[in-house]
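Let's take a friendly walk through this model, from a small sheet to the pockets and the ligand. Please keep the structure open beside you as you read.

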Amino acid sequence: MSEKLFFLDGKRAMISLGPLTTNQYCPYKCAFCYVQDGFKKYANLDEDAILKFLIDNRAHYNIIYVSGDTDSFAPPRTNRALSLIERIVLETDCDVLFTTRTKFTEDNYDTLKRIIEEQRRTGNHLFACISITRYSDEVSYLEPYPIPTPEERIKVLKRLKCLGATTVLAMRPFLPVVSVQDYLTILEKSRGYIDIALGECFYFIPGGKIYKRVFPNGINQSIARNVTHGNKMIFDDNDEDWDIWDSSEYEDTVRNKCNELNIIFSMHSEEAIEKYIKTRG
Ligand code: SF4
């Protein structure tokens with residue numbers, strides 16, 4: 001295997017365009033972003049070098065995630081990220097999942113349509129994943145401007161579904177400062193346009209940057225009850241010990257709603273994708 005520049009776990013290759021600048025890893029500034037407290041940044045490579053990494057390591061994954069340490073699709077890199085995906089689908093013959101919080105232009109949708117059609121032609125999947133972590137304005141500090149509003153991102157999901165993509169709604173991570181009703185509202189508003197919904201437990205480091213931004217008033221007893229300590233991340237190989245907030249109430253409530261709406265739900269993308277391919281793909 002060539003030098004490790006991105007994340008490979010034997011099934012997934014997780015890649016991105018890397019940090020936006022030397023001082024800013026992402027165009028957005030989500031309060032809960034794991035990169036603030038230790039999630040590893042990926043390499044900052046041009047498209048030829050990213051493709052070379054993917055081709056050299058083709059035996060070590062069966063799906064490519066354009067995701068991870070930055071939102072590669074957020075302005076000012078939207079066109080670059082889309083042209084990278086277009087090259088990936090033309091040159092790797094592989095399922096692809098991309099994740100973003102951004103909005104797209106009509107030109108962008110034309111490119112996405114070509115990508116979706118190419119994946120269909122080659123018998124591969126294109127999972128278009130839109131992240132929406134809250135609905136209520138009361139917790140808008142979690143996803144500060146210029147992140148598009150939840151309504152704008154729901155419109156992106158609908159448009160991608162109409163273009164023929166397999167659509168994924170990532171309500172990740174579930175956060176204790178967001179009411180479970182918020183997640184039900186997002187599902188209701190995007191019903192009919194989502195194939196897969198994802199939740200995820202919430203990782204933070206006590207007293208760290210994420211902790212301070214997500215819990216400006218500290219943690220109360222009802223949150224602390226669902227926290228375990230000293231965990232490693234399963235989707236990144238950083239050395240930090242993380243606290244995890246994990247709520248069966250949130251998970252069960254969202255799962256039941258997804259069952260009612262005929263949406264595949266999982267706390268793990270790999271499990272959800274396997275289920276989708278087995279039952280609907
Ligand atoms: S969009 Fe993703 S990478 Fe960027 S700040 Fe938000 S969580 Fe972090």
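Helices (H or I, at least four residues) and strands (E, at least two) are DSSP runs, numbered from the N terminus, and two strands pair if DSSP finds at least two bridges between them. This is a predicted model, in which local features need pLDDT of at least 70 and side-chain atom pairs count only at pLDDT 80 or more, while totals for chains, interfaces and linings use all residues. Residues are numbered from 1 along each chain as its sequence is written, and side-chain values use heavy atoms, with hydrogens and water left out.

**The sheet**

Three strands form an open sheet in the order β8-β10-β9, and their pairing is antiparallel. Because β8 (202–204) and β9 (227–231) stand at the edges with a single partner strand each, one side of each has no neighbour in the sheet. Between β8 and β10 (residues 242–245), which run antiparallel, there are three bridges. One to look up is F202, whose bridge partner in β10 is W245.

**The pockets**

A pocket is found on a 1 Å grid over the protein atoms alone: it is an open set of points where a 1.4 Å probe fits, with protein on both sides within 12 Å along at least five of seven lines, and its lining residues have an atom within 4 Å of a point. A volume is the space filled by probe spheres set on the points, which are joined across faces, edges and corners.

| Pocket | Volume | Lining classes |
|---|---|---|
| Largest | about 830 Å³ | 21 nonpolar, eight polar, nine charged residues |
| Second largest | about 210 Å³ | four nonpolar, seven polar, four charged residues |

Here Ala, Val, Leu, Ile, Met, Phe, Trp, Tyr, Cys and Pro count as nonpolar, Asp, Glu, Lys and Arg as charged, and the others, Gly among them, as polar.

The largest pocket is lined by 38 residues, with S67, G68, T99, R172 and E200 nearest its centre. Strand β4 gives the most to this lining, three residues. For the second largest pocket, 15 residues form the lining, and R120, N124, H125, G164 and T166 are the closest to its centre. Helix α3 (residues 106–122) supplies the largest share there, three residues.

**The ligand**

Which pocket does the ligand take up? The ligand occupies the largest pocket, where sitting in a pocket means that more than half of a molecule's atoms lie within 2 Å of its grid points. Around the ligand are C26, Y28, C30, C33, D69, T70, D71 and R101, each with a heavy atom within 4 Å of it. By class, this shell has four nonpolar, one polar and three charged residues.
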